[in-house]
Amino acid sequence: MFTTLRLSLVAVLSVTLAQAAVAADCAPLQQRGAEVFANECGVCHAVSKGTMGMMGPNLAGVVGRKSGSLEGFNYSQAMRNKNIDWQAENIAQLITQPQAYVPGTYMPYMGMASADDRQAVVCFLKEQH
Ligand code: HEC
C-alpha cells in the first residue's frame with residue numbers, strides 16, 4: 001500500500017517536472033521581457049492587436065508570422081525579400097544587429113548586446129498573440 005502510494009507520487013512528480021522543464025526557459029523571464037520590450041522596442045512597436053505602432057509593424061502574433069507580411073505596413077524591400085518565418089532564434093538574431101541580419105532594413109535599432117535580455121524579450125513576444 002505504502003509502496004504503491006510512493007510509486008504513484010513519483011510518477012505524478014516526474015510528469016510535473018517534465019512539464020515544468022518545457023516552460024521553465026520562458027516562464028520566469030516574462031517580467032523581465034516585458035520591461036526590456038517597453039524600454040527597447042515599445043517606442044516603435046505595439047503588441048496589442050489592432051493598434052498601430054509608432055513606427056514599426058505591430059508585433060502581436062509575430063512568432064510564426066512570415067517576415068514583412070503584416071497587411072498595410074510599408075516594409076523595406078529588404079524585409080519583404082527576407083522570406084523567413086519569425087521564430088525565437090531569428091528574432092534574437094534580428095535584434096542583435098538588425099542591419100547585419102537584414103541589410104537595408106528600415107528598423108533603426110542599433111542592437112541589443114545582452115543575450116539574456118534578447119531571450120527575455122523573445123519570451124515576452126511568444127506570449128503576445
Ligand atoms: C526606432 C524604431 C524601432 C525600434 C526601437 C525597434 N524596431 Fe523593430 N522594426 C522597426 C521597423 C521600422 C521595422 C520594419 C523594418 C523593415 O521594413 O525593414 C521593424 C521590424 C521588426 C520586426 C519584423 C516584423 C515583421 O513583420 O516582419 C521584428 C520582429 C522587430 N522589428 C522586432 C523588434 C524588437 C524585438 C525590438 C526591440 C528589441 C525592436 N524591433 C525595436 C522599428 C523599430
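A polar contact here is a pair of N or O atoms within 3.5 Å. With that in hand, a good place to start is Arg-65: an N or O atom in its side chain lies 2.9 Å from an oxygen atom of the ligand. Everything described below comes from a predicted model, and the ligand is a handy landmark for finding one's way around it.

The overall fold comes next. The chain is built with 6 helices and 0 strands, so its pattern along the sequence, by DSSP runs, reads simply α-α-α-α-α-α. Of its 129 residues, 34% count as buried.

Back to the ligand, which sits in the largest pocket. Around the ligand there are 26 residues, and the ones that come nearest are Cys-41, Cys-44, His-45, Ser-76 and Met-107. Sorted by class, this shell holds 18 nonpolar, 6 polar and 2 charged residues. Besides Arg-65, other residues have polar atoms facing ligand oxygens. Tyr-75 places a polar side-chain atom 2.5 Å from an oxygen atom of the ligand. With Tyr-106 it is the backbone that takes part: one of its polar backbone atoms is 2.9 Å from a ligand oxygen.

Two of the nearest residues, Ser-76 and His-45, can be followed a bit further. Ser-76 belongs to the loop between H2 and H3. Its relative accessibility is 3%, and since anything under 20% is called buried, Ser-76 falls in that group. Another of the nearest residues, Met-107, is 31 residues away from Ser-76 along the chain, yet the C-alpha atoms of Ser-76 and Met-107 are separated by 8.9 Å. His-45 is also found in the loop between H2 and H3. At 12% relative accessibility, His-45 counts as buried. A polar atom of the His-45 side chain lies 2.7 Å from the backbone oxygen of Pro-57.

That loop between H2 and H3 holds Asn-58 as well. With a relative accessible area of 8%, Asn-58 is buried, and its side chain has backbone partners. A polar atom of the Asn-58 side chain is 2.7 Å from the backbone oxygen of Thr-51. The Asn-58 side chain also reaches the backbone nitrogen of Ala-60, again at 2.7 Å.

Now for the aromatic rings. A pair of aromatic rings is described by how far apart the centres are and by the angle between the planes. In this model the count comes to 3 aromatic pairs. One of them joins Phe-37 and Phe-124: the ring centres are 5.2 Å apart and the planes meet at 35°, so this pair is tilted. Phe-37 sits in helix H2 (residues 30-40) and Phe-124 in helix H6 (residues 115-126), so the contact ties together parts of the chain that are 87 residues apart in sequence. Both Phe-37 and Phe-124 are buried. Another pair is made by Phe-73 and Tyr-75, whose ring centres are 4.8 Å apart; their planes stand at 65°, and because an angle over 60 degrees counts as edge-to-face, that is the label this pair gets. Tyr-75, already met as a ligand contact, is buried too, with a relative accessible area of 7%.

Not everything is tucked away. Asn-83 is placed in the loop between helix H3 (77-82) and helix H4 (88-96). Its relative accessible area is 52%, and as the cut-off for exposed is over 50%, Asn-83 counts as exposed. The backbone of Asn-83 deserves a look as well: phi is near 55°, a positive value in a residue other than glycine. Asn-83 and Lys-66 are 17 residues apart in sequence, while their C-alpha atoms are 6.7 Å apart in space.

Pro-108 is another exposed residue, at 60% relative accessibility. Pro-108 is found in the loop between helix H5 (98-101) and H6. Along the chain, 53 residues separate Pro-108 from Met-55; in space, their C-alpha atoms are 9.8 Å apart.

Technical notes. Residues are numbered from 1 along each chain as its sequence is written. This is a predicted model: local features need pLDDT of at least 70, side-chain atom pairs count only at pLDDT 80 or more; totals for chains, interfaces and linings use all residues. Side-chain values use heavy atoms; hydrogens and water are left out. A residue is near a molecule or strand if one of its heavy atoms lies within 4 Å of it. A polar contact is a pair of N or O atoms within 3.5 Å; within protein, one must be able to donate a hydrogen and the other to accept it, and residues adjacent in sequence count only if both atoms are side-chain atoms. On a 1 Å grid over the protein atoms alone, a cavity is a set of points where a 1.4 Å probe fits but cannot get out, and a pocket is an open set with protein on both sides within 12 Å along at least five of seven lines; lining residues have an atom within 4 Å of a point. A molecule sits in a cavity or pocket if more than half of its atoms lie within 2 Å of its grid points. Ala, Val, Leu, Ile, Met, Phe, Trp, Tyr, Cys and Pro count as nonpolar, Asp, Glu, Lys and Arg as charged, and the others, Gly among them, as polar. Rings of Phe, Tyr and Trp (its six-membered ring) pair if their centres lie within 6.5 Å; planes under 30 degrees apart count as stacked, over 60 as edge-to-face and the rest as tilted. Helices (H or I, at least four residues) and strands (E, at least two) are DSSP runs, numbered from the N terminus. Buried means under 20% relative accessible area, exposed over 50%, partly exposed in between (1.4 Å probe, protein chains only).
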